[in-house]
Amino acid sequence: MFARRTHHNESFGKHYNSSFDKHRAGKATSSKQKRSFREAAAAVKKVDRVKKPELSPPSGSTLTSAIITICVGPEQRLFAAHEDVLSHSPFFAAICRGQFLETATKRVNLPEELPEIFSSVLEYLYKGDYYPRLRHNKRRNTWELEETDASNGKNTAESTVFHQSSGQVLLKDTILYCTADRYGLDDLKRLALRKQGLQSGIQCSTILASARYAYANTPDNDSKLRAHYLALIIRSRSTFKRSGTMQMEMEKGGMMFFDLFVAICNHMDDMASAKSPLFTKSPRTPH
């Protein structure tokens, strides 16, 4: 189990949380002077003119474009989204312009995607964040993941999903990072990476399976997600060295464990440098 971490105040894009309390009607109070019918009618019109809070649309979108139907996963779960909103992703912009879109029905098929992941992508495109959302702790001046209280009838935030293709439970934020990379959504990648550092209570087997997924689904020149997992394993080495899953994964091998070896060596060098300012590399053996 790993402790929850928080990050100091940074900008994470726009959040669109609306408060309905300010527009909630209060209790009626008696008046000493009766109002005329004309005054009462004017008061009703004034209430009707009160602007209701609405979620702001994405920047540059008027939400008046055509509706695209997206068929997701092997069970063909249907989603609907505005073409302008989808086009914020270069991936979907190309689809909407190309031959992959069924012009008669304006339908896109994504049989390999997970519905839970695509739902979060759409939520991000419309609202700038996805569940569980980031919340600012004003007292600590830090960003945290929103928490739900089961005693109040709210569901616990799901941090993992079952990945059917691999047959394993993986971190939702890791799959979202890789999906955002395919869709060309760099801001979503940064958000997913940030949220992974705030997760807690994740089992070693899930972390290692997610790390392998990250290595298999990110290009070699994109090292941020990979470095996140290497640093996590090093920080929690006392837990991982007792893990039978870690031993089995190391026996399977792979590029991840060579990178882990290099990262551990660098970590040890940094620790030695911090203890001794005069620390230098070992001299080469003369030939």
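Begin inside the protein by selecting I70, L86, F118, L125, L188 and Y229, which, of the 57 residues in the largest nonpolar core, touch the most other members. While these are highlighted, add helix α7 to the selection, since the largest share of this core, eight residues, comes from α7. In soluble globular proteins, nonpolar side chains tend to be buried together. Keep in mind throughout the tour that what is on the screen is a predicted model.

Stay in the core for a moment and centre the view on L188. Leaving aside residues up to four places away in sequence, L188 touches V121, Y124, Y130 and A180, and showing these side chains together lets you look at the contacts one by one.

Now zoom out to the whole chain and colour it by secondary structure, where you can look for eleven helices and eight strands. Of the 287 residues of the chain, 35% count as buried. Among contacts between residues at least 6 apart in sequence, 66% join residues at least 24 apart. If you switch on the surface, the chain exposes about 19,100 Å², of which carbon and sulfur atoms supply 52%.

Next, select strand β5, which covers residues 134-137, and pick out N137 within it. Is N137 buried or exposed? It counts as buried because its relative accessible area is 16%, which falls under the cut-off of 20%. Show the side chain of N137 and follow it to the backbone nitrogen of R139, which it reaches at 3.1 Å. The side chain of N137 also makes a polar contact of 3.2 Å with the side chain of E144. When residues up to four places away in sequence are not counted, N137 touches T142 and E144, so E144 is worth keeping on display with N137.

From there, move to the loop between α7 (204-216) and α8 (224-235), and select D220. With a relative accessibility of 68%, D220 counts as exposed, because the cut-off for that word is over 50%. Add R226 to the view, and you can trace a polar contact of 3.2 Å between the side chains of D220 and R226.

Finish on the surface by selecting M255, F258, F261 and V262, which make a nonpolar patch of about 410 Å². One of these residues, V262, lies in helix α11, which runs over residues 255-275. How does V262 count at 31% relative accessibility? It counts as partly exposed, because that class lies between the cut-offs of 20% for buried and 50% for exposed.

Note on methods: Residues numbered from 1 in each chain as written. Predicted model: local features only at pLDDT ≥ 70, side-chain atom pairs only at ≥ 80, totals over all residues. Heavy atoms only, no water. Patch = residues over 30% accessible without salt bridge, like charges linked within 9 Å, V, L, I, M, F, W, Y side chains within 5 Å. Areas by Shrake-Rupley, 256 points an atom, 1.4 Å probe, with all protein chains shown as cover. Salt bridge = Lys/Arg side-chain N within 4 Å of Asp/Glu carboxyl O. Helix = DSSP H or I, 4+ residues; strand = E, 2+ residues; numbered from the N terminus. Buried < 20%, exposed > 50% of the residue type's maximum accessible area, 1.4 Å probe, protein only. Polar contact = N/O pair within 3.5 Å; in protein donor to acceptor, adjacent residues only side chain to side chain. Contact = heavy atoms within 4.5 Å. Core = buried A, V, L, I, M, F, W, Y, C linked by side-chain atoms within 4.5 Å.
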